[in-house]
Amino acid sequence: MKSDISVTYLTSRKNCPSPVSFKKWINLAISTSHLIHVKIVNNTESKKINSKFRGIDKSTNVLSFSYQNSKNFVWGDLLLCSDVIISEANSHKKDIRDHYAHLTLHGSLHLIGYDHVDKHEALTMETKEIELLQLLGIKSPY
């Protein structure tokens, strides 16, 4: 498997995992060759992109943009909002790094076709997330 993962921090790196962590998590979720770019952004940027692409005028924790998803290759972007992730982790008394891991895995699963539009899809995706988090020693967020 060939993996090319880049990480860009467009906001403070305080409480943000390192590129090595993001690469570990993405490689765990995506077993085929892949080209993934991770962008860490603030509330303003997340809200702008969420509004433009999903019509939702608020910031969100993770957005996934898949450009190619085939049997042999995955290409996409993950946009993670540090402000939302840190706020969620604090309000739910979760470790910030664990929450980043969960949302990176969640976004990566979207890139390979998982979704949570209906209850069956949601259960399938959540089960996969729990499996992957267990491999990292992180308890289920559900």
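These legends walk through a predicted model of one protein chain, view by view.

**View 1. The whole chain, start to finish, has five helices and four strands.**
Start at the N terminus and follow the elements along: they come in the order β-α-β-α-β-β-α-α-α. How compact is the chain for its length? With 142 residues, the globule rule gives 14 Å, and the radius of gyration here is 14 Å, so the chain is as compact as a globular protein of that length. Its C-alpha atoms fill a box of roughly 35 × 35 × 30 Å along the principal axes.

**View 2. Here we look at burial, surface and contacts across the chain.**
Out of 142 residues, 41% count as buried. On the outside, the chain exposes about 7,900 Å², and 51% of that comes from carbon and sulfur atoms. There's also plenty to see in how the chain meets itself: take the contacts between residues at least 6 apart in sequence, and 61% of them link residues at least 24 apart.

**View 3. Strand 3 and strand 4 make a hairpin.**
Strand 3 covers residues 62-69 and strand 4 covers residues 73-81. How many residues sit between them? Three, and the two strands form a hairpin around that gap. The pair runs antiparallel, joined by seven bridges. For a handy spot to zoom in on, find Ser66, which stands opposite Gly76 of strand 4. While you're looking at strands, keep one thing in mind: in a regular strand, side chains alternate between the two faces of the sheet.

**View 4. The largest nonpolar core brings together 30 residues.**
Which residues have the most contacts inside this core? They are Phe22, Ile26, Ile36, Val38, Ile40, Leu80 and Tyr100. Plenty of elements chip in: strand 1 (3-9), helix 1 (19-29), strand 2 (33-41), strand 4, helix 3 (82-91), helix 4 (96-111) and helix 5 (119-135) each give at least two residues. Helix 4 supplies the largest share, with seven residues.

**View 5. Now zoom in on Ile26, one of the residues with the most contacts inside the largest core.**
What does Ile26 touch, leaving aside residues up to four places away in sequence? The list is Ile5, His34, Ile36, Val38, Leu78, Thr104 and Ser108. Two of those names, Ile36 and Val38, also appear among the residues with the most contacts inside the core.

**View 6. A second, separate core has seven residues.**
Among its members are Val41, Leu63, Cys81 and Val84.

**View 7. Lys48 and Glu45 meet in a salt bridge.**
The model has two salt bridges, and this view shows one of them. The side chains of Lys48 and Glu45 come together at 3.8 Å, N to O. Both belong to helix 2 (residues 43-54), and because they are three residues apart, about one helical turn separates them. Is Lys48 buried or exposed? At 54% relative accessibility, Lys48 counts as exposed. Glu45, at 26%, is partly exposed.

**View 8. Glu131 and Lys128 form a salt bridge in helix 5.**
Here the closest N and O atoms are 3.7 Å apart. Why are Glu131 and Lys128 about one helical turn apart? They are three residues apart in helix 5. As for exposure, Glu131 is partly exposed with a relative accessible area of 43%, and Lys128 is partly exposed too, at 24%.

Notes
Residues numbered from 1 in each chain as written. Predicted model: local features only at pLDDT ≥ 70, side-chain atom pairs only at ≥ 80, totals over all residues. Heavy atoms only, no water. Pairing = 2+ DSSP bridges. Core = buried A, V, L, I, M, F, W, Y, C linked by side-chain atoms within 4.5 Å. Buried < 20%, exposed > 50% of the residue type's maximum accessible area, 1.4 Å probe, protein only. Contact = heavy atoms within 4.5 Å. Rg over C-alpha atoms; globule rule 2.2 N^0.38 Å. Areas by Shrake-Rupley, 256 points an atom, 1.4 Å probe, with all protein chains shown as cover. Salt bridge = Lys/Arg side-chain N within 4 Å of Asp/Glu carboxyl O.
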